[in-house]
Protein chains: 4
Amino acid sequence: MLLKNDQKQLLKRFKEVRYLTEQLTEPLETEDFVVQGMVDASPPKWHLAHTTWFFERFILKDHLPEYEELNPQFDYLFNSYYETIGPFHPRNQRGLLTRPTAREVFSYRNYVNAHIEKLLNNLPESKAELVLELLEIGLQHEQQHQELLLTDIKYNFSQNPLLPVYSESSEPSGINRRVFEMIPLDGGLAEIGHSGGDFCFDNESPRHKVYLEPFSLASHPVTNGEYLKFIEAGGYEKPEYWLSDGWAHIKKEGWNAPMYWFKAEDGWNSFTLGGQKKIGLDEPVCHVSFYEADAYARWAGKRLPTESEWEYALEDTVCDGNFVESRTFHPRSARSGNGKFHQAYGDVWEWTASAYSPYPGSKPLEGALGEYNAKFMCNQMVLRGGSCATSSSHIRSSYRNFFQPEKRWQFSGFRLAEDAE
Amino acid sequence: MLLKNDQKQLLKRFKEVRYLTEQLTEPLETEDFVVQGMVDASPPKWHLAHTTWFFERFILKDHLPEYEELNPQFDYLFNSYYETIGPFHPRNQRGLLTRPTAREVFSYRNYVNAHIEKLLNNLPESKAELVLELLEIGLQHEQQHQELLLTDIKYNFSQNPLLPVYSESSEPSGINRRVFEMIPLDGGLAEIGHSGGDFCFDNESPRHKVYLEPFSLASHPVTNGEYLKFIEAGGYEKPEYWLSDGWAHIKKEGWNAPMYWFKAEDGWNSFTLGGQKKIGLDEPVCHVSFYEADAYARWAGKRLPTESEWEYALEDTVCDGNFVESRTFHPRSARSGNGKFHQAYGDVWEWTASAYSPYPGSKPLEGALGEYNAKFMCNQMVLRGGSCATSSSHIRSSYRNFFQPEKRWQFSGFRLAEDAE
Amino acid sequence: MLLKNDQKQLLKRFKEVRYLTEQLTEPLETEDFVVQGMVDASPPKWHLAHTTWFFERFILKDHLPEYEELNPQFDYLFNSYYETIGPFHPRNQRGLLTRPTAREVFSYRNYVNAHIEKLLNNLPESKAELVLELLEIGLQHEQQHQELLLTDIKYNFSQNPLLPVYSESSEPSGINRRVFEMIPLDGGLAEIGHSGGDFCFDNESPRHKVYLEPFSLASHPVTNGEYLKFIEAGGYEKPEYWLSDGWAHIKKEGWNAPMYWFKAEDGWNSFTLGGQKKIGLDEPVCHVSFYEADAYARWAGKRLPTESEWEYALEDTVCDGNFVESRTFHPRSARSGNGKFHQAYGDVWEWTASAYSPYPGSKPLEGALGEYNAKFMCNQMVLRGGSCATSSSHIRSSYRNFFQPEKRWQFSGFRLAEDAE
Amino acid sequence: MLLKNDQKQLLKRFKEVRYLTEQLTEPLETEDFVVQGMVDASPPKWHLAHTTWFFERFILKDHLPEYEELNPQFDYLFNSYYETIGPFHPRNQRGLLTRPTAREVFSYRNYVNAHIEKLLNNLPESKAELVLELLEIGLQHEQQHQELLLTDIKYNFSQNPLLPVYSESSEPSGINRRVFEMIPLDGGLAEIGHSGGDFCFDNESPRHKVYLEPFSLASHPVTNGEYLKFIEAGGYEKPEYWLSDGWAHIKKEGWNAPMYWFKAEDGWNSFTLGGQKKIGLDEPVCHVSFYEADAYARWAGKRLPTESEWEYALEDTVCDGNFVESRTFHPRSARSGNGKFHQAYGDVWEWTASAYSPYPGSKPLEGALGEYNAKFMCNQMVLRGGSCATSSSHIRSSYRNFFQPEKRWQFSGFRLAEDAE
C-alpha cells in the first residue's frame, strides 16, 4: 500500500532529521546548552526541547490516544509563541532555566521519538493523511530550528572573549573564478508561489499572477571584497545611502561593518563557527541587515530585487549549493558553475526588497498552526534561497524566509537587481 | 504669457495656504505653541517655523541672490530630517525651545513670505519652471503640516486633565442613512500611480501595471458602532485576531479601544478638538492603528484592501467629502450619496494592507528633497484618501500617506475588502 | 497686642515673598513659563501655581470657613508629592500642560493672596498660632521654590541653542584677594541642630550632642581655578578618585567638567543666567555633583566635612554673603573679609560628607506636612549654607538642604576638610 | 617558631574555606553553574573563579616569583570591579560565558590552590606578614562569596517555574518560645569599631567615640507573623509608612510581600533553598529591603537602630547562632536563649538606619585593595550580624555589610529600636 510506504519513508526521514539536530550539538559542552546570548538567540537546550514539544503538542496529544506527557510543565516552558494554546514562558527568560538539564532534554526527545514511532506503526487509515501532514510540518519546523541552533551558537560564542570554536573549518582549496554579470530578464505577466504537490508552508501559496517590468538580476551575490569597497568609500558615514530607520539604527548601534567583522593586525577578520579568520574577499558578504543590503545597493546605483523578481528569475535554477550537509558552516567563495545564476541556493539567505505580506487569496492553516507564519506579516522583509546552515531538503524556490530589517545574526547576504534601461 | 499667469496663480495660492496655517492656530493661547506632547507631535510653533524654513532653504537661499537669512541658527533649529543638508536639532527636544517665541516665528513667516513674493515678482524665465515646481512642493509640504498641526494640538490637549477645547463643534443635523454593501470588482491587469500633468509627489509615480485578482470593497469605512461590537466581542482580549507585533503592542500599552476613547458615566466618550463628546455610532471609527484595523478585519472575516485595490476601485470616485475646509475637525457620520463608494476622500485616512515601498521604476527627487519620501520606505503602511484635517486641494486618488503600524494619533480609520468567492 | 503685630509683620512678609516670586519671572517671555527641560526642573508656571496651592490647601481650605477653590482641578494639578492628600499629576508631565495659562496662574495667585489677607485680618485668636506657623512654612516653602525657579530657568535656557539671557550680569569690579588656609578646630562633644525660637524645618531639630574628632576646615570653598587643575590632572579619567557609583555615572553621562561648562575658542566658558561667559578662576566652582566634590577632595588628599563639622565650625559665622538679593544670580569671586571663614553663606551650596538622615529624637510634623522633609531621608546627601539664588532671610547655620549625589543643576559647590594630624 | 605555626594554621584554614566553597556547589547540576538570573546575581561558576583569581592576582602574581597564570585571559574575565588593575568583563554579561566550563574552573581552583600551598611552604620571612594578611583577606573575601553563592543560586532557582530544590530541609523540631521585649539601654559617650588584633576589614576601624541618646532595642528580629500583620493592615498600600523612594519602588515593582513569598492555596508560601514551603510565623522575616524594614518600623511606631546603637548594644553578646554550618540555609524560628538579645548573629542580616559611610579617621587599604570597601560608601545602608548563609568564623560585632536600600535577595531582616521616653 502506498500509505504504508509513505509512512516508512517519513519515519526514516523523521529519524534522520531528529538525529541531525542532536548531531549538530555534538561539539557543545554541557554549559553551552544553557545560554541565551540575546533575546533573539534561544539556548540550544531550548531548541532541542521546543522542536520536541512541537511533535508532542500537535501530534501525540491529539492523535495518540493513551499518550501521557513526560512533564506537563513542558507545555508552558517549551511553547514558543502559540497564544491560542495557552500561556508560555517569556522568550527573554529562556536563558535563565538551568533545568531541565541537557540530559533530561535528550530523554524528552527519546520519549517523544519513541511515541511518534509507535503512532506511525499503528496509524489508523482515517488519520493517516492528517498525521503525515503534521509530521512533515514538524520536520520542516525542526529544520528551521537546526539553522537557528547554528546561528544562535555562533552568536553565543561570539559574546565570549575566549572565542570558542564550534567546528574546525577546512579551508577550501582550488581556484575560485567569478565572472560577474547583470543578467537581463523580460518582464510581463508572471506567476510565483508554490506549485506541485510537495510540501510547502501556507505562506508560499497560492501560486498567483504578478506583473513584472523588465529587469536585470546579478549572477552572484555581493562579495566581501565588493562590500569592503562600500565601507572604504565611507558607506557607513553617508546618510544619503540609507533608509531613515537604517541610518538611525547603525548610528545607535555603532555599526561600521557586517556583524562578526572586527579589525585585527592583519586587517579585517571575522568570527566564524570555525573560529576567528581573515575575511575571504570572494565569499558572499554575510551577516548584514536589510538596511545594509539596501544601502549598499543604493551606493552601487542598483537596487534589491523584489521577491517576485527573485523567484521568477531563479525558479528554474537547480537547487544545489553549499548547505548544512557540507559542514563548512560558512559561505563559500564564488565559483563559476553551469548556468547563469550562481549561489542562489545555499551560502547566504538573500534579502529582497519585499515586505513580508500575504499572497492574494492565501489562507493560513486552521487552528494554532495558523500562528506559524501569518501573524508575522508586518515589519519584516523577505529573504530567499537558504544558506550554509540550511538543509538541502528544506529549501525550494518558493520558500519565504523573513526577518526584521535590522536583524543580521542569520547567514544573510544579498544579490543586486536593476531596472531595464 | 502663460508663465506670468501661473506665477500669479501660484502666488495667490501661496498666500492662501500660508494664511490657512496661521488661521488654524487662531484658537491657541501663546502657551499652546510650545509643547511637544510626545516625540511624534511637534510643537505648533515648530510647524509654523519649519514650513517657513522649507521655503527659505530650498528656494530663497538657492534662487534669490541677495537673500539673507533672518537668523542663521534657524537652519539648525528648523531642519526636520534632511541629513544631507546638515545637522539638525533633535526631534525629541523640539518642545524644550521657548525661543524663538511664537511672535518671533510669525515675524519669520512674514519675512520669508515677503521674500517669496519678491522672488516671484522678479523671476527670471530661466528659473521659472524650477522655482514654481519647488514652490508647489513647499505648499504641498505646508498642507501636510497643517494636518499635523491639528493632530498634534489634539494630542497635546488630550494630555491635559483640563481637556481644553480647540474649536466648539456644531453637531451635524439631519438624518443619517447608510446602506452598507461589499461592492464587487473585476480584477485583471490594472494600472495605478499618478497620471496627468498635475502635481504629485515622487512616491506616486510612475504609473504602472499591477495584476489584481477579483475582489470586493466596502461601500463605507467601518463605523464606531461596528467597531464597538468588536470591542464587546472581546476583540482586544483574543490573540487570534492580531498580528504578533500588534498583540505585543496592545498588551504593552494597555489599549482596549481606539485612541481618545474613554468610558464615562454615559458610556464611551471620546476627546475631540471640540472637547469631550459621546461617540457617534455612525461616524467612521477613527484614531485606530494599523494593528487594530487589521485585527478588526480578521474578526469580521474580511481583510484590508491593498493600496492597488483601493486606488483601482476609487480612482474614478469624485474627490469630495469632509475636509479641513468644513472646520468640523472630526469625521462625520456616514450618509448616502451619489455613487457606490462613500467617504473615500476626507473624514478618515484609510489603512491599507500594503507596506510602503517604491513603485517599479520610481526615482526619488534629486538632492536633499529626495529625502522627502523615499527614505521612509520601511516598516510603514500606506494610508489613502485624506481626512477631515486634510485640505481638499491636497488629496488625490494616487496620494500615498504612510505611518508606522502602531501610530494612531492621525485621523486614521479603514475600509474592508475581501476576495471574490 | 503682640499677636496682632505678629500678624501685621507676617502679612507684610507674605506680600514681599509672594511679590519676589513674581518679580523673578519678570524677564520671562510667556513661552518660557511652560517648559520642563528635565524631570527635575519644573516649569516656571508650575512653581507659581504650586506655591499658591500650598497656601490654599494647608491654610485656606482648613481655616477660612467659607473658602471656595478657584478651580477644584488645581488640587490634582498642583499637588507636588503629598501622597496622603490624594492623587497628583505625574511630575514628569508637568511640562505638557499649556493650560492654565501663565495669566490664569497669576490670577490664581491674586485670588489666594486676597484670601490669605482676608484670613489674617479676621483671624480668631484660637487659630492664630497654628495659622501663623503654617503661613511661615508656606513662605519658607515659597522661598525654596524661588531658588528652584532660578535653577530651573537656567537649565531650560541652557537646552536652547540660542542660549537666551535671563538677566544681563554686571561684572563685579575691584580687586579680589583670597588667602586660602585650612583652619584647625578642636573636636570633642559638640552640639548641632536648631536652637532658639525662630522658625526652622522639622529636619533641623532637636539640637543634640555629637562627638567630633579634631579636624580642619577650609577658609573658602574650592574655586574654578583649583577645580580646573583637577580636570587638567586627568581627574575625570582616573577611577581611583571616584566612588563606584560616581565613576559609573560620569562615564555613562560623559561628564568631563562641571555642568554648564563648555570649551570655546578662548578656553572654558560657562552658561550663566547672564548668558555665556568665560569662567572666573576665583569664583567658587559651581554646578558640581557630590560625586565630583568627593572625587576632587580625594585627589587633593583631603575630604568633605560632615554636616556636623560644618555646622559646628560655622555656627557663629555671620550669615551674610551673596544671596538672591544681590541679583547677580551667580557666585562671586572670593574676597577677604572679616573672619576666618569666607563665603560660608550664599554663593554656592556646599556638599557635605553626610547622608541625609533623621536627627536622634526627631519628629516629623503631623499629617501631610510630615511628608515635607522626612520621607526623603534616603539616598540623598546634605548641603549647607545657601547660594546666590537663596533669600538671605531663608538661610541659617542649621539649615539642611539635600539632593541625590548625582544632581548638579543647583548652585552647588563644596569646601574641603581634613583630619587633624 | 610562631610564624611557622601561623602559616600551618592558615594553610589549614585556607584548605577548609576553599573546600567549603566547592562543597556548597555539590548539589548543582553542570547547567546550574552558568546562569546569571539578574545583574546582581553572578553565576556560580563565576564565584568559583573570581575568588580564585583574587588569590592569583593579589598574592601569587606579586609574591611567587616564577608564577605563571593558567590562562592570562582570566585576568579580564574574573576581575570583578578593580578599576585600577585594568579593564574587566562587564558584570551584566557574566551569564553569557559558557567557557571556561565548570570543570575547567575547578582545575583553575586546584592550580591556584597548589601554588598557594607551595608559596606558604617556602615563604621568606620578609614576606610572611604581608602574605598572611593578604591570604586572610582572600579567605574573608571567599567567605563573602560563599554567602553570595547561596543567595544567587536561590535567586536563579526561583526564576525557574520548576522550582528546583537545592537541599532538602529538615524541619526543626521542638517547641519555640519567644518572649519579645524592648530592652532599654543607657546612652552617653560610647565606642564602636573594631578593637583587638584579629582580622577586620578596613571599613570597621578605627574604633571611635560616638554619642548616643538613651534608646531601647528589640530582643528579637521581627518575625514573619509580625510582618504578616503589617501586610494585612494594608502596609503596602499606605504611602504614609514609606520613604518616597521606597514607595516609588514598591509601586514600580508591584511588591506586596517579602521576596520569594507567594500565595498558594494554603496561604502564604515562600520559595527556599529547600523548595517551596509554608512561611513559618516564628521565623525572622527575611528577604525584605531596607524600604520595607523602614516602613514596617514606622507602622509599628518604632524605628530601625543606627549601626552605632546596634554595635553598642550587641558587642558583648556571644557570637553564635544559625550560620552556614547548620546547613539549614534558612532562618530558624525564634527561641529563648541565655541572654537578653536573641538571634543577633546568624539567621538574618539586620538592616540599620545608617547610611554606609567612612568612620572618622578611617584609611582604606593601599592600592587596588582600597577599592574593596571604600568606593561603595554612597547610597547604601549598613546591615549587621550575619545570616544563615554566613560562616561563623566570618562574622563579628563590628562587621559592616552594606547594600542598596532596594536590594532584598540577601537573607536580610531587621530588628526594631525606639527612643527612650
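How many residues of chain C are in contact with how many residues of chain B? The exercises below concern a predicted model.

**Exercise 1. Describe the contact of chain C with chain B by residue count and class.**

Step 1. On the chain C side, 26 residues are in contact, and they meet 26 residues of chain B.
Step 2. The residues of chain C that touch chain B divide into 11 nonpolar, 11 polar and 4 charged.

**Exercise 2. Decide how helix 2 and helix 5 of chain C are oriented to each other.**

Step 1. Two packed helices are described by the angle between their axes and the distance between the axes.
Step 2. For helix 2 (residues 44-63) and helix 5 (residues 125-158) of chain C, the angle is about 170° and the axes are 9 Å apart.
Step 3. Angles over 145 degrees count as roughly antiparallel, so helix 2 of chain C is roughly antiparallel to helix 5 of chain C.
Step 4. By class, the contact of these two helices of chain C has 11 nonpolar, 7 polar and 3 charged residues.
Step 5. Helix 2 of chain C contributes residues including C:Phe54, C:Phe55 and C:Phe58; among those it meets in helix 5 of chain C are C:Leu134, C:Leu135 and C:His145.

**Exercise 3. Classify C:Pro284 as buried or exposed, and place it in chain C.**

Step 1. C:Pro284 sits in the loop between strand 7 (275-278) and helix 8 (290-299) of chain C.
Step 2. A residue is buried if 20 or more other C-beta atoms lie within 10 Å of its own. C:Pro284 has 31 C-beta neighbours inside 10 Å, so it counts as buried.
Step 3. Leaving aside neighbours within four places in sequence, the contacts of C:Pro284 include C:Pro221, C:Val222, C:Thr223 and C:Gly413.
Step 4. C:Asn113 is 171 residues from C:Pro284 in sequence, and their C-alpha atoms are 38 Å apart.

**Exercise 4. Explain why helix 8 of chain A is described as largely enclosed.**

Step 1. Of the 10 residues of helix 8 (residues 290-299) of chain A, 9 are buried, so the helix is largely enclosed by the rest of the structure.
Step 2. The buried residues include A:Glu292, A:Asp294 and A:Arg298.
Step 3. The buried residues of helix 8 pack against helix 6 (224-232), helix 7 (244-253), strand 8 (349-355) and strand 9 (381-384) of chain A.
Step 4. After helix 8 of chain A comes A:Gly301, with a positive phi near 75°.

**Exercise 5. Characterise the contact between the two domains of chain A.**

Step 1. Chain A is divided into domain 1 (2-158) and domain 2 (182-419), with C-alpha centres 27 Å apart.
Step 2. In chain A, 19 residues of domain 1 are in contact with 17 residues of domain 2.
Step 3. Helix 5 (residues 125-158) of chain A gives the most to the domain 1 side, with 11 residues.
Step 4. That side of domain 1 of chain A has 8 nonpolar, 6 polar and 5 charged residues.

Conventions: Residues numbered from 1 in each chain as written. Chains lettered and ligands numbered in written order. Predicted model: local features only at pLDDT ≥ 70, side-chain atom pairs only at ≥ 80, totals over all residues. Buried ≥ 20, exposed ≤ 12 C-beta atoms within 10 Å, placed from the backbone. Helix = DSSP H or I, 4+ residues; strand = E, 2+ residues; numbered from the N terminus. Contact = placed C-beta atoms within 7 Å. Axes fitted to C-alpha atoms, helices over the stretch in contact; angles between N-to-C directions. Parallel < 35°, antiparallel > 145°, perpendicular 65-115°, else oblique. Nonpolar A, V, L, I, M, F, W, Y, C, P; charged D, E, K, R; others polar. Domains from an automatic or database assignment.
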